[in-house]
Amino acid sequence: MLIALLLLAPAPAGADGGVAWLGYEQAAELARQTPRPIVLFFSAPWCYLCKKMQRQVFSDPDLAGRLQKQSYPVLVDVTKEPRLMEVYEIKQVPTTIFLDLNGNPALRLTGYQNRAAMGRALMFVAMGHHHRMSWEAFSSRP
Amino acid sequence: MRRMLGAVLTALLVLSAPVWAWATNGMNMIGTGAVSSGMGGADVAVPAGCTAIAGNPAQLATTCSRVVSVGGAFLNPQMEVTMPGQSGVDNEFQLFPLPFAGYAQRIGTSRWSVGVGVFAQGGMGVDFKNVKNFNGADDSLYSQVAFMRLAPTVAYNVTDKLTLGLTAFAGYATIDYDFFPRGTQGQHVTGLSSFTIAGRLGASYQINDQWAVGATYTSESSMDLDGGEMRFNFGPGMGQVTYRDVKMDNFTWPRQAKVGLSFRPAPKWLLAFDVSWVNWSSAIQTVTVTASNPSTSVPSGYDTLTIPFIMDWKDQWIFALGAQYEINDTWTVRAGYNYGQNPVPDNTLNPLFPAMVEHHLTAGFTYTYKEWDFDVALEHAFNLDQTNTGDPSSTNPFSGTEVSHYQDTLHVMVSYRF
């Protein structure tokens with residue numbers, strides 16, 4: 001099995017085709033011009049699960065495309081932007097916060113989230129479901 | 001404090017009954033936890049979460065919030081001993097549980113991570129019944145060496161790429177053995193125990209998104225094994241005499257140095273390679289058992305018995321290679337190979353302490369469900385035959401004895417992040 005795994009290992013990947021992250025101010029400006037939810041992904045250079053989400057979740061072309069189309073995705077390095085960490089009361093990373101069209105936090109997810117959870121969370125905020133039901137109720141729907 | 005620590009570690013030893021462990025790189029496990037073991041023990045440059053407590057403490061910094069892990073290994077050794085001129089005798093069936101429990105967390109969004117865990121560092125043991133002793137009668141060879149460690153650990157992200165870690169080990173070791181107790185000069189020894197302290201320094205350096213390196217250094221755990229009791233068989237005449245104070249000297253858990261690298265050739269792949277050096281030659285030389293305070297009067301000169309076991313183990317090099325593939329968000333598979341040189345010399349092979357297997361093949365997986373990880377790994381150690389080639393003497397009673405050994409180990413672990 002080890003040999004098979006080693007033989008099957010592909011060559012190093014190039015550009016991953018994942019999410020093209022924006023800066024916070026840039027996203028805020030874009031949201032003023034064309035209102036969409038803002039997705040704030042709080043990360044840190046030493047954060048293993050943040051890197052795992054980058055690798056497994058945000059590199060997925062389908063999810064990345066939906067995030068680009070339906071929101072303004074922002075990568076926040078908490079070591080470089082402590083002000084945002086204070087404003088959004090970040091206690092751990094990774095934390096993902098979805099801001100609604102008014103710029104108010106509509107959903108906060110802490111810890112590792114897989115592709116399905118992120119896709120569902122995007123739908124929850126982008127489609128306005130957060131006005132009608134809780135995230136727990138929405139995420140438990142079949 | 002010492003009493004409380006002893007109570008905790010003793011409770012864990014009891015929970016791990018009936019007897020103890022066969023370990024596989026000398027007396028050490030090839031890895032702790034199903035993730036490390038699934039990759040053949042190649043873990044020093046691999047994110048580890050909670051099990052970093054037993055591996056590279058710097059990898060504790062891969063914990064992003066809080067995680068608790070509980071699990072262990074179940075080890076089934078298959079052994080055979082063949083004394084000169086006799087047919088081989090198989091080891092009794094044994095299934096040794098080797099527990100692990102740990103908790104780790106990052107302190108907020110700071111650069112500090114802390115954790116604490118208890119785990120079985122390793123050990124060894126045999127249980128041969130109906131082996132002919134030196135008098136030609138049916139007898140037994142039995143041993144169990146157990147070593148449990150409590151390990152508070154801290155890790156600090158010095159820079160975005162460099163992380164350092166430190167683990168303090170408080171250990172508790174026990175040794176029992178039977179050396180042909182029904183024959184002349186036979187021994188039945190129980191209750192040897194010792195507290196130990198040691199430390200491990202670890203470092204990891206993330207060169208870039210694909211390459212990482214790591215290293216650890218573990219100090220020696222000196223042991224003062226005492227508090228035991230021995231029933232010594234003097235044979236016809238004096239018969240069996242119980243000695244109430246028994247100690248064992250020159251039995252030490254060795255220092256170890258380990259370096260490794262990991263390479264991520266694609267987002268879903270992780271390859272790892274470790275090299276370790278274990279200083280058995282300093283730790284296990286001539287192990288001396290001293291028995292005193294006999295329970296009955298004995299002739300002059302028999303108040304204290306001094307029994308040497310010449311072992312003279314060799315330093316050990318270990319090479320571990322592992323691969324991991326993340327199939328999707330739910331499933332991750334692993335495979336590994338581990339080679340650890342046999343530290344037991346041919347001329348001092350003792351079937352009571354034959355920690356000799358060399359080649360290991362492993363495979364495993366992780367199933368992730370929400371905040372839960374379920375890790376499983378299987379480890380097979382391939383058969384090794386070894387014969388004592390030393391000249392027969394009072395300090396080498398097993399001249400010409402052959403020992404065969406292979407084993408299978410199941411590793412399981414459950415982790416919960418919160």
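How many bridges join strand β1 (residues 38–43) of chain A to β2(A), and do the strands run parallel or antiparallel? Six bridges join them, and the two strands run parallel. The points below set this pairing in its context.

1. Basis of the note. This is a predicted model, in which local features need pLDDT of at least 70 and side-chain atom pairs count only at pLDDT 80 or more, while totals for chains, interfaces and linings use all residues. Residues are numbered from 1 along each chain as its sequence is written, and chains are lettered from A and ligands numbered from 1 in the order in which they are written.

2. The sheet of chain A. Strands β2-β1-β3-β4 of chain A, in that order, make an open sheet of four strands with mixed pairing. Its edge strands are β2 (72–77) and β4 (105–110), each of which pairs on one side only. From one strand to the next the twist averages 15°. Within the β1–β2 pair, Ile38(A) stands opposite Tyr72(A). Two strands are said to pair if DSSP finds at least two bridges between them; helices (H or I, at least four residues) and strands (E, at least two) are DSSP runs, numbered from the N terminus.

3. Helices against that sheet. Helix α2 (residues 24–33) of chain A lies across β1 and β2 of chain A, running at about 160° to β2(A). Axes here are lines fitted to C-alpha atoms, for helices over the stretch in contact, and angles run from 0 to 180 degrees between N-to-C directions. Helix α3 (residues 48–56) of chain A has as its buried residues Tyr48(A), Leu49(A), Cys50(A), Lys51(A), Met53(A) and Gln54(A), and these pack against β1 of chain A. A residue is buried if 20 or more other C-beta atoms lie within 10 Å of its own, exposed if 12 or fewer, and partly exposed in between, with C-beta atoms placed from the backbone.

4. The nonpolar core. The largest nonpolar core has 135 residues, and those with the most contacts inside it are Leu40(A), Phe42(A), Cys47(A), Val74(A), Val93(A), Phe98(A) and Val125(A). Such a core is a set of buried Ala, Val, Leu, Ile, Met, Phe, Trp, Tyr and Cys residues joined through C-beta atoms within 7 Å. Beyond residues up to four places away in sequence, Val125(A) touches Pro37(A), Phe98(A), Asp100(A), Ala106(A), Leu107(A) and His130(A). Contact requires that the C-beta atoms of two residues, placed from the backbone, lie within 7 Å.

5. Overall form of chain B. Chain B contains three helices and 19 strands. Its C-alpha atoms fill a box of roughly 75 × 45 × 35 Å, taken along the principal axes. The radius of gyration of chain B is 22 Å, which agrees with the value near 22 Å of a compact globule of 418 residues; the radius is taken over C-alpha atoms, and the globule rule is 2.2 Å times the number of residues to the power 0.38. Of the 418 residues, 51% count as buried. Among contacts between residues at least 6 apart in sequence, 69% join residues at least 24 apart.

6. Strand β7 of chain B. Strand β6 (residues 162–179) and strand β7 (residues 187–206) of chain B pair in the antiparallel sense over 17 bridges, with Gln187(B) as the bridge partner of Phe179(B). Seven bridges join β7(B) to the antiparallel strand β8 (residues 211–218) of chain B, and these two strands form a hairpin with four residues between them. Ala203(B) stands opposite Ala215(B) in that pair.

7. Strand β16 of chain B. β16(B) is largely enclosed by the rest of the structure, because seven of its 10 residues are buried. Nine bridges join β15(B) to β16(B) in antiparallel fashion, and a hairpin connects them through four residues. Nine bridges also join β16(B) to the antiparallel strand β17 (residues 359–369) of chain B. Val333(B) stands opposite Tyr325(B) in the β15–β16 pair and opposite Phe365(B) in β17(B).

8. The interface. In all, 28 residues of chain B are in contact with 29 residues of chain A. On the chain B side, the elements giving two or more residues are β12 (269–278), β15 (316–326) and β16 (331–340). The residues of this side divide into 13 nonpolar, eight polar and seven charged; Ala, Val, Leu, Ile, Met, Phe, Trp, Tyr, Cys and Pro count as nonpolar, Asp, Glu, Lys and Arg as charged, and the others, Gly among them, as polar.
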